[in-house]
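Colleague: Thanks for sharing this one with me. Could we go through how each label is earned?

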Amino acid sequence: MTVHPPGPLWTGRASNRVQWLLAVAGAACLALGIELAVDYAWTSGIAPLLMAVIGCLAAGLLILYGTLAFVHVSVTVDAEAVEVRCGYVGVPRRRIPLDEVTSAEFLPKVTPQHWGGWGYRWRPDKGTAVIVRRGEGLELRLGDGKLFTVTVDDAENAVRVIRAHLRTLAR
């Protein structure tokens, strides 16, 4: 078996600048909630005020997390696994050991419409995916028959590296 030096053998990334517009909308919802809480005249009673403030804050936080978590994705392939990290915090994260991968395919065009939108997606007929933008991606077929797809730049080279490791593991 070939011994590889420690560390990543391939790293890639994909990002989506359009999602920053959604993050701005989330920040606006938060600001509206704070504005209502601070400057509201209190003439309608406390219940409508609380509902408006809590609704704006909750919507703002959900939109902000949902967009900032999937503004970009980074993929790392090393001698042991493929690791996918989303957003600036790296959550959600998925680590797939290479001994669980049976094949890797290059997909020249993956679109959010194929998966029902951006983000971490699951479809019973297709498997699991991390979609941050339209474009090229890679698809891993796992030993249990499930698929994992991720949109990432330079996916063709990632597939080459993964296939080389799969050949090495098969020896």
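Colleague: How far apart are the mean positions of the positive and negative charges of the protein?

Modeller: Happy to help, and note that this is a predicted model. The 18 positive and 15 negative charges have mean positions 4 Å apart. Lys and Arg count as positive, Asp and Glu as negative.

Colleague: How do you know how the radius of gyration of the protein stands against that of a compact globule?

Modeller: The rule is 2.2 Å times the number of residues to the power 0.38. For 171 residues this gives a value near 16 Å, but the protein has 21 Å. The C-alpha atoms fill a box of roughly 75 × 35 × 25 Å along the principal axes.

Colleague: What makes a residue count as buried, and what percentage of the 171 residues do?

Modeller: Buried means under 20% relative accessible area, and 37% of the 171 residues count as such.

Colleague: Why is the largest nonpolar core called a core, and which residues touch the most other members?

Modeller: The name applies because its members are buried nonpolar residues joined through side-chain atoms within 4.5 Å. There are 28 residues in this core, and Leu138, Leu140 and Ile162 touch the most other members. Among the elements that each supply at least two residues are strand E8 (135-142) and helix H4 (155-170). The largest share, 6 residues, comes from H4.

Colleague: What makes Val82 a contact of Leu140?

Modeller: Contact means heavy atoms within 4.5 Å. Leaving aside neighbours within four places in sequence, Leu140 is in contact with residues including Val82, Ile96, Phe148 and Ile162.

Definitions and conventions: Residues are numbered from 1 along each chain as its sequence is written. This is a predicted model: local features need pLDDT of at least 70, side-chain atom pairs count only at pLDDT 80 or more; totals for chains, interfaces and linings use all residues. Side-chain values use heavy atoms; hydrogens and water are left out. Buried means under 20% relative accessible area, exposed over 50%, partly exposed in between (1.4 Å probe, protein chains only). The place of a charge is taken as NZ of Lys, CZ of Arg, CG of Asp or CD of Glu. Helices (H or I, at least four residues) and strands (E, at least two) are DSSP runs, numbered from the N terminus.
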